[in-house]
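Let's take a look at the ligand site and the metal site here. Have the structure open while you read.

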Amino acid sequence: MTNNQVDFTSLPILDYSLVHSLKKDEFLSQLRYTLFHIGFLYVKNHPIPEELITKIKSYSTQLFNLPTSEKLRIEMCNSPHFLGYNKLAAEKTKDIDDQREQYDFATETPYTWKEGEPIYRRLKGPNQWPDEKYVPGFKETLLEYIKRLSDFSLEFTQLIALSLGLPPDSLYKFLDPPDEHMNRLKVVKYPPLNELALGSDYSAQGVGPHKDPWITFLLQVNNVQGLQVQNHKGVWIDVPPLDGTFVVNIGIGIEAVTRGVAVATTHRVLTPPPGSIPRISIPFFQTISYDAMLEPLDVPEDIIRQAPRSVVSDADTDYEERFYKNIGNAQLMNRLR
Ligand SMILES: O=C(O)CCC(=O)C(=O)O
Ligand SMILES: [Fe+2]
């Protein structure tokens with residue numbers, strides 16, 4: 001650990017209203033500190049309308065009450081784009097089942113892959129939607145939510161660039177052009193331990209330790225705790241749900257292109273304790289272009305000098321190695337495991 005390494009025991013709460021005020025520099029300096037030392041933050045007074053969030057929260061609960069036949073009709077295994085429903089424990093982290101049930105959705109995108117193109121481009125294509133008779137208005141509302149989060153996340157990447165002394169649109173070159181940019185989102189349910197039928201297996205994981213690919217904006221839907229991030233000593237720190245906030249976190253792609261100055265932090269989700277209601281969350285992933293090359297940006301020397309490094313992590317590093325080599329293939333392989 002270098003001298004200027006600062007550890008953390010909770011996450012900062014950044015006030016987005018400063019961004020459109022005379023105090024923008026104050027926001028940028030708090031953001032820079034957070035990127036150097038934590039890579040995870042809450043943001044309050046963000047631009048996503050509260051009525052939209054209330055609707056999305058309500059739909060997210062309804063999705064898990066759909067008839068099983070309807071869930072299975074839109075199962076992810078039908079989709080070459082890895083969109084749709086996944087049963088409990090269909091995914092793994094570090095070879096251990098993740099005890100969560102989920103739907104993956106994305107910006108509605110046509111399927112344009114042709115024979116001869118890289119196979120990972122098949123990841124792009126349309127959603128599988130539940131029948132509107134079960135969730136009237138869901139499709140329109142979710143697409144509106146994805147659009148708003150897409151705009152917010154683009155603005156946020158400008159702030160990251162500015163805080164690191166870079167031109168505001170520096171990170172855009174790693175994204176697809178706006179008319180082809182497909183962002184992804186999951187609606188996730190983590191049942192409590194007593195509903196998992198794992199006997200006395202108290203090692204159940206909601207999601208195992210990992211880092212995200214690029215940048216994530218997480219909505220914690222209800223008041224059930226479970227998300228934790230790993231600080232520099234390797235200690236797991238709780239990230240409790242806070243009303244009116246998103247949790248934002250930096251992934252390995254942004255860490256790579258900022259020369260390690262913005263840190264990607266390992267996180268996990270614990271299974272809720274016996275007797276708890278299920279935890280529901282909605283992570284939105286701004287998606288790096290599958291064709292992107294992770295060439296490092298020209299971060300000014302004085303910024304690089306200020307940034308500490310050396311972090312303890314329980315995340316799976318194989319994924320990172322694959323990711324650096326070929327982003328499209330890494331994303332695809334991550335799905336096929
Ligand atoms: O559900 C959460 O709180 C976080 C989930 C997560 O880390 C992920 O899906 O990458
Ligand atoms: Fe994550």
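## Ligand 1 and the iron ion

We're working with a predicted model, and a good place to start is Tyr 190: an N or O atom in its side chain is 2.6 Å from an oxygen atom of ligand 1. Arg 100 and Ser 281 also have side-chain N or O atoms by a ligand oxygen, at 3.2 Å for Arg 100 and 2.6 Å for Ser 281. Here are the three polar contacts in one place.

| Side chain (N or O atom) | Partner | Distance |
|---|---|---|
| Tyr 190 | oxygen atom of ligand 1 | 2.6 Å |
| Ser 281 | oxygen atom of ligand 1 | 2.6 Å |
| Arg 100 | oxygen atom of ligand 1 | 3.2 Å |

How much of ligand 1 does the protein bury? On its own the ligand exposes 300 Å², and 95% of that is buried by the protein. As for where it sits, ligand 1 takes up the space of the largest pocket.

Two elements give two or more residues to the shell, namely β13 (267-270) and β14 (279-286). Of these, β14 gives the most, with four residues. By character, the shell splits into five nonpolar, three polar and three charged residues. Among the residues around the ligand are Leu 218, Val 269, Arg 279, Pro 283 and Phe 285.

Now for the metal. The shell of ligand 1 also includes His 210, Asp 212 and His 267, and these are the protein donors of the iron ion (ligand 2). The donor atoms are NE2 of His 210, OD of Asp 212 and NE2 of His 267, at 2.1 to 2.2 Å from the iron. Along the chain, the donors follow the spacing H-x1-D-x54-H. His 210 belongs to strand β8 (residues 205-210) and His 267 to strand β13, so this pair ties together parts that lie 57 residues apart in sequence.

Definitions and conventions:
Residues numbered from 1 in each chain as written. Chains lettered and ligands numbered in written order. Predicted model: local features only at pLDDT ≥ 70, side-chain atom pairs only at ≥ 80, totals over all residues. Heavy atoms only, no water. Near = heavy atom within 4 Å. Polar contact = N/O pair within 3.5 Å; in protein donor to acceptor, adjacent residues only side chain to side chain. Areas by Shrake-Rupley, 256 points an atom, 1.4 Å probe, with all protein chains shown as cover. 1 Å grid on protein atoms, 1.4 Å probe; cavity = no way out; pocket = protein on both sides within 12 Å on 5 of 7 lines; lining within 4 Å. Sits in = over half its atoms within 2 Å of the grid points. Nonpolar A, V, L, I, M, F, W, Y, C, P; charged D, E, K, R; others polar. Donors = N, O, S within 2.8 Å, 3.2 Å for Na, K, Ca; no water.
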